[in-house]
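Thanks for coming, everyone. Please have the sequence and the model open, and follow along on your own screen as I go from single residues to the whole chain.

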Amino acid sequence: MGKTFLRIVLGQELTRLRDQAGLTLAQAAKDAGCATSTVHNVENGTSGFRRIEQLAALLGAYKLNRADQAMLMDWHRQAKGEDWWTTRVAHLPSGMNLYLAMESGASAAKWWCHGVVNGLLQTQEYAHELIRSAKAANDTTEEFIEQAVDVRIKRQRRITEEGMELTCIMDEAALTNMVGSPELMRRQLQAIVELTELPNVTIQIIPRRAPTYRAVGGDFGIFSFDPAQRLEPAVASATVDGNTRVSSKERQTKQFQRRFEVLTQGALPRYDTPKLLEQLAREV
């Protein structure tokens, strides 16, 4: 589980406990023996307490039982330090740090992609050519391209090594829009076929001729979490300028969940996916 994600979960739980105890930030800070800004930053998930004794005093003021105190203090210990991607933040679009934190802790993700192959399914050469194609438009450097590709490929460990459940619906256009060369596209399509064999991965495609709903406003993903993490579902959506917006507001989350359900209804069954991918590979 990612350190940034743990800080976010810990911060949300501490906010809930403070509200439950009826304390202000200033009162909580007094109980913890620290500045009000420190408690504020911990609740926002941007930093931790300098001394574990401060957290222990705060949890005592919140009257938590011994087991819950031990769990939250363990979260705090694990959340120290940085995640693997934090050294590359300068090479990531705005909002990606929070997105990666959520993805690092999610037990399941549902994605809709309509223009290009989902990042969790991309081969390294596909990701490289795709990001390079935007070099002139975004005025990026070679270093940016290499770092961005590296982050994208390492993210895939969540499904290939760590077992996060992935349900991905893609428009057929995401699989036929040319990136690089026909040979590269054939290798990319074959790689997706192999990923469909993973028990935690479901990939469905909406055929180009299907007269059905398509969420053309942009790609989006819905994250869900283990109940023990005490975190509500979150949505990540692409913006028109290429950045990523992450929200856990209930109204927005339910809206995207409805969209995903309707998209699922228009997609082919998962068992038809390998056959269609192999057909597209022959036609590319």
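Lys154 counts as partly exposed, at 25% relative accessibility, where partly exposed is the range between buried, under 20% relative accessible area, and exposed, over 50%, all with a 1.4 Å probe and protein chains only. Lys154 lies in helix H9, residues 142-155, and helices here are DSSP runs of H or I of at least four residues, while strands are runs of E of at least two, numbered from the N terminus. Its C-alpha atom is 14 Å from that of Asn118, although Lys154 and Asn118 are 36 residues apart in sequence.

I should say at once that this is a predicted model, in which local features need pLDDT of at least 70 and side-chain atom pairs count only at pLDDT 80 or more, while totals for chains, interfaces and linings use all residues. Residues are numbered from 1 along each chain as its sequence is written, and side-chain values use heavy atoms, with hydrogens and water left out.

Let me stay with partly exposed residues for a moment and turn to Arg16, which lies in helix H1 and has 40% relative accessibility. Arg16 and Phe144 are 128 residues apart in sequence, and their C-alpha atoms are 39 Å apart in space.

For an exposed residue, please find Lys63, which has a relative accessible area of 73% and sits in the loop between helix H4 (52-61) and helix H5 (66-78). What is notable about the phi of Lys63? Phi of Lys63 is near 60°, a positive value in a residue other than glycine, and as background, most residues other than glycine have a negative phi. A positive phi, of about 80°, is also found at Gly45, just after H3.

That brings us to helix H3 itself, residues 36-44, whose buried residues are Val39, Val42 and Glu43. These cover an arc of only 100° around the axis, which puts them on the same side of H3, the arc being that of the directions from the helix axis to the C-beta atoms.

Helix H14, residues 273-283, can be read in a similar way, with Thr273, Leu276, Leu277, Leu280 and Ala281 buried. Why do we say that the buried residues of H14 line one face of the helix? Seen down the axis, they fall within an arc of 140°, so they line one face. It helps to remember that an α-helix has 3.6 residues a turn, so residues three or four places apart point the same way. The face of H14 turned away from its buried side carries the exposed residues Lys275 and Arg282, whereas the cover over the buried residues includes helix H11 (172-176), helix H12 (182-195) and strand S3 (201-206).

Now let us go to the interior, beginning with Val117, which is buried, with a relative accessible area of 2%, and which lies in the loop between strand S1 (108-113) and helix H7 (124-133). Not counting residues up to four places away in sequence, Val117 touches Gln122, Tyr126, Met170, Ala174, Leu175, Gln188 and Ile192, where contact means heavy atoms within 4.5 Å.

Met170 deserves its own look, since I will come back to it in the core. Leaving aside neighbours within four places in sequence, Met170 is in contact with residues including Trp112, Val117, Leu121, Ile203 and Ile205. Of the 64 residues in the largest nonpolar core, Leu121 and Met170 touch the most other members, and helix H1, residues 3-21, gives the most to this core, with 7 residues. A nonpolar core is a set of buried Ala, Val, Leu, Ile, Met, Phe, Trp, Tyr and Cys residues joined through side-chain atoms within 4.5 Å. Apart from this core lies another, of 12 residues, among them Ile206, Val235, Phe260 and Leu263.

Val235 is also one of the residues that Thr253 touches, together with Pro233, Ser247 and Ser248, again without residues up to four places away in sequence. Thr253 is in helix H13, residues 250-266, and counts as buried at 5% relative accessibility.

Finally, for the whole protein, there are 14 helices and 6 strands, and the C-alpha atoms fill a box of roughly 65 × 40 × 30 Å, taken along the principal axes. Buried residues make up 46% of the 284 residues, and residues 24 or more positions apart account for 72% of the contacts with a separation of 6 or more.
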